[in-house]
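Notebook open, structure loading. I want to go through surface, fold, core, charges and cysteines, in that order.

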Amino acid sequence: MQAGRIFKIFIRLLGDAARHRRLPYNPARPTVIPRPAAAERQIWTVQDTIHFLHCCQATDPAFADLIEVLIGTGIRKGEALALHWDDVHLPERVLYIRYTLSAIDNNRLILTSPKTRSSKDWVALSARVAIALRHRAEDKDPSLSHADHGGFVFHRPDGRPLHPAYVLNHFHDLCREFGVPRTTVHDLRHLAATISITADVPLTVVSKTLRHATLSTTANIYGHLTTQAARDAVDTIDHALTSASPIELPRPRAPGDHTTRVRNQRVATRTQQRKAS
């Protein structure tokens with residue numbers, strides 16, 4: 001601990017020397033590796049989504065219910081895999097996000113806090129998602145107690161949570177088998193946002209549904225989808241101004257009022273009146 005603190009002070013001193021031109025650069029500053037460009041996302045269409053869910057229900061109903069929850073709520077993969085029955089309230093059609101499931105060293109599974117503080121929040125459930133969760137509740141193995149399976153909504157036959165790597169690999173296998181474009185599980189969250197925004201759901205509502213920390217985060221990610229909304233906004237302004245009754249403007253002054261000669265004559269007359277008084 002003491003060595004780390006000394007190292008930070010040393011870096012700060014070298015940085016001050018570089019800013020005051022005592023050193024050409026800070027030799028202790030780490031190299032900044034440029035961030036690679038993000039790969040282009042492959043987002044399903046609504047037809048792709050319906051086709052996948054229909055085929056998956058016939059092949060792997062439990063996995064189809066997981067995909068239904070991911071698309072219908074927009075929650076993250078780790079949040080869905082960490083979902084406990086104690087946090088699911090079907091009569092009220094809401095669930096609460098408390099944890100996210102992460103893999104350490106690509107093997108050991110742990111439960112941690114969600115990505116951001118705003119991620120720990122209530123999520124509304126549609127009727128379709130509620131039906132998928134009821135399927136999972138009906139298929140619970142009675143031989144496993146609550147302590148055995150940890151209360152996970154989506155789990156292996158022995159009650160342990162699904163591994164994130166298995167979910168991704170199995171999802172890719174099913175995409176290839178069903179003939180739909182290959183995408184990622186996280187892109188299902190973007191699919192939920194895309195469907196909402198193209199259906200004219202306000203961006204503030206979409207941001208709240210996705211539990212983004214700020215509205216600007218949602219705008220930066222999905223700004224390309226709001227082009228039509230921006231056109232609709234300016235068209236609304238145009239229509240409001242055009243359809244309003246014309247406003248009567250004051251009559252323009254006579255041309256003589258604006259000439260320099262007339263104005264100078266008025267000033268001169270006022271000056272002479274003041275002198276005479």
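How much accessible surface does the protein have, and what share of it belongs to carbon and sulfur atoms? I got about 18900 Å² for the accessible surface, with 56% belonging to carbon and sulfur. Note to self: this is a predicted model, so every value here is computed from predicted coordinates.

**Fold**

I looked up the secondary structure next and found 12 helices and five strands. The protein has 277 residues, and 32% of them count as buried. I also checked contact order: among contacts with a separation of 6 or more, 58% come from residues 24 or more positions apart.

**Nonpolar cores**

Then I went looking for the cores. The largest nonpolar core holds 40 residues, and the members touching the most others are Phe 52, Leu 66, Ile 67, Leu 133, Phe 171 and Leu 188. Helices α2 (46–59), α3, α4 (77–81), α5, α7 and α8 (187–198) each put in at least two residues. The top contributor is α3, with seven residues. A second core of five residues is separate from this one, and its members include Ile 197, Val 206, Leu 210 and Tyr 222. As background, nonpolar side chains tend to be buried together in soluble globular proteins.

I picked Phe 171 for a closer look. Which residues does Phe 171 touch, leaving out those up to four places away in sequence? My list reads Trp 44, Phe 52, Phe 63, Ile 67, Thr 183, Thr 184, Val 185 and Leu 188.

**Salt bridges**

I counted 10 salt bridges in the structure. I wrote up three of the pairs.

Asp 65 pairs with Arg 136, with the closest N and O atoms 2.8 Å apart. This pair ties together distant parts of the chain, since Asp 65 lies in helix α3 (residues 61–73) and Arg 136 lies in helix α5 (residues 127–138), 71 residues apart. Are the two partners buried or exposed? Both Asp 65 and Arg 136 turn out to be buried.

Asp 173 and Arg 176 also form a salt bridge, again with 2.8 Å between the closest N and O atoms. How far apart are they along the helix? They are three residues apart in helix α7 (residues 164–178), so about one helical turn separates them. Asp 173 is partly exposed, at 37% relative accessible area, while Arg 176 is exposed, at 59%. Back to the earlier pair for a moment: Asp 65, Arg 136 and Asp 139 belong to one network, joined by salt bridges that share partners.

The third pair is Asp 158 with Arg 160, at 2.7 Å from N to O. Asp 158 is partly exposed at 37% relative accessibility, and Arg 160 is partly exposed at 46%.

**Cysteines**

Last check: how many disulfides are there? The count is zero. Why don't Cys 55 and Cys 56 bond? The sulfur of Cys 55 has its closest cysteine sulfur in Cys 56, 8.6 Å away, which is too far for a bond. A disulfide would need the two sulfur atoms within 2.5 Å. I looked from the other side too, and the closest cysteine sulfur to that of Cys 56 is in Cys 55, at 8.6 Å. Cys 55 is buried, with a relative accessible area of 18%, and Cys 56 is buried as well, at 0%.

Note on methods
Residues numbered from 1 in each chain as written. Predicted model: local features only at pLDDT ≥ 70, side-chain atom pairs only at ≥ 80, totals over all residues. Heavy atoms only, no water. Buried < 20%, exposed > 50% of the residue type's maximum accessible area, 1.4 Å probe, protein only. Helix = DSSP H or I, 4+ residues; strand = E, 2+ residues; numbered from the N terminus. Contact = heavy atoms within 4.5 Å. Areas by Shrake-Rupley, 256 points an atom, 1.4 Å probe, with all protein chains shown as cover. Salt bridge = Lys/Arg side-chain N within 4 Å of Asp/Glu carboxyl O. Core = buried A, V, L, I, M, F, W, Y, C linked by side-chain atoms within 4.5 Å.
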